[in-house]
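Subject: Structure handed over, with notes

Dear colleague,

I am passing on the structure we discussed, and would be glad if you could read the notes below alongside it.

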Amino acid sequence: MRLALLQRILRKREYDRLLRILLRAFPKECNEDVRAVCQVLFLKKGCSCANVYYLNESVNWRLLSGESIRMPYRLCIEDSAYNAPSLTHQQQVILDCVLTRSCNGYQRQRSLERLLAGKLPDFALPYVVKLCDEYVVEILQVVYERLSLEDRSRCRALCVENIDYIRRAHSRMISYWAEFYRWDCYRYRDYIGRKLYAECFGYRKTGQRNIEIVAERSVCDENHRNS
């Protein structure tokens, strides 16, 4: 009896902790949907511990709306967590965003592919861009293939809003190329990561001024098309 009570108390604390993390990771207008997703992540019954574990690191992002979110760096989530047919479309998008922070690279890629299969809401863009500073080259390829076929002005505007992070992410991407992929792609200018940052994010070695110019041109072109 006491053990069961203790398990319920511990589980409630873990739920509350995860909910606080996820509420900070999405805009306030998504709070109710985030609560629904958090409940899905705790569907596993009869267990004293949750099926979600996390690191205490996070990444701050400024959304296109001007609101800031704090994205968790890593979440260790069981594969069964995303078997949730009761979720609405937006809730499923939020869940896939959460799963892009998984410790499992294959799970990150599967969640990314589901996100890219539909129209990305603005709050999901940082979760896609964040994956592009990691070492899994297949993820860079998936993002490049999708973003290179559509209007990139939103991504570029997001990069302008978060230029300090994009600068660090670009350097990290280059370091992964030098460490893991230089033998397969000796010339950096041919590397998919360089193409992704330059063509889709508007970021090259020239840095902040270059990305601002590219973003300004994108906005001007969009205004011209709509006029």
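By a cavity I mean a set of grid points where a 1.4 Å probe fits but cannot get out. Please keep in mind throughout that this is a predicted model. With that definition, a search of the whole structure finds one cavity of 30 Å³ or more, and the space in the largest cavity comes to about 30 Å³. Its lining is made up of Leu125, Leu147, Glu150, Asp151, Arg152, Arg154 and Cys155, which by class gives three nonpolar and four charged residues, with no polar ones.

One of these lining residues, Leu147, can also be placed relative to a later part of the chain, since Glu199 and Leu147, although 52 residues apart in sequence, have C-alpha atoms 9.1 Å apart in space. Glu199 itself belongs to helix 9, which covers residues 192-200, and with a relative accessible area of 27% Glu199 is partly exposed.

As to the overall fold, the protein chain has ten helices and four strands, and along the sequence these follow the pattern α-α-β-β-β-β-α-α-α-α-α-α-α-α. Of its 227 residues, 47% count as buried.

Which residues of helix 8 are buried? They are Ile163, Tyr165, Ile166, Ala169, His170, Met173, Trp177 and Tyr181. Seen down the axis of helix 8, these buried residues fall within an arc of 140°, so they line one face of the helix. Helix 8 itself runs over residues 163-181, a total of 19 residues, and spans 25 Å from its first C-alpha to its last, which is close to the 27 Å expected at 1.5 Å a residue.

I also looked at the loop between helix 3 (89-99) and helix 4 (105-116), where Ser102 is found. Is Ser102 buried or exposed? Its relative accessible area is 1%, and because buried means under 20%, Ser102 counts as buried. A polar atom of the Ser102 side chain lies 3.0 Å from the backbone nitrogen of Asn104.

Asn104 can in turn be related to an earlier strand: Cys76 and Asn104 are 28 residues apart in sequence, while their C-alpha atoms are 7.4 Å apart in space. Cys76 sits in strand 4, which consists of residues 75-77, and at 30% relative accessibility Cys76 counts as partly exposed.

The last residue I would point out is His89, which lies in helix 3 and is exposed, with a relative accessible area of 63%. Between the C-alpha atoms of His89 and Asp33 there is a separation of 10.0 Å, the two residues being 56 residues apart along the chain.

With best regards

Note on methods
Residues numbered from 1 in each chain as written. Predicted model: local features only at pLDDT ≥ 70, side-chain atom pairs only at ≥ 80, totals over all residues. Heavy atoms only, no water. Helix = DSSP H or I, 4+ residues; strand = E, 2+ residues; numbered from the N terminus. Expected span 1.5 Å × (residues − 1). Buried < 20%, exposed > 50% of the residue type's maximum accessible area, 1.4 Å probe, protein only. Arc of directions from axis to C-beta. 1 Å grid on protein atoms, 1.4 Å probe; cavity = no way out; pocket = protein on both sides within 12 Å on 5 of 7 lines; lining within 4 Å. Points joined across faces, edges and corners; volume = space filled by probe spheres on them. Nonpolar A, V, L, I, M, F, W, Y, C, P; charged D, E, K, R; others polar. Polar contact = N/O pair within 3.5 Å; in protein donor to acceptor, adjacent residues only side chain to side chain.
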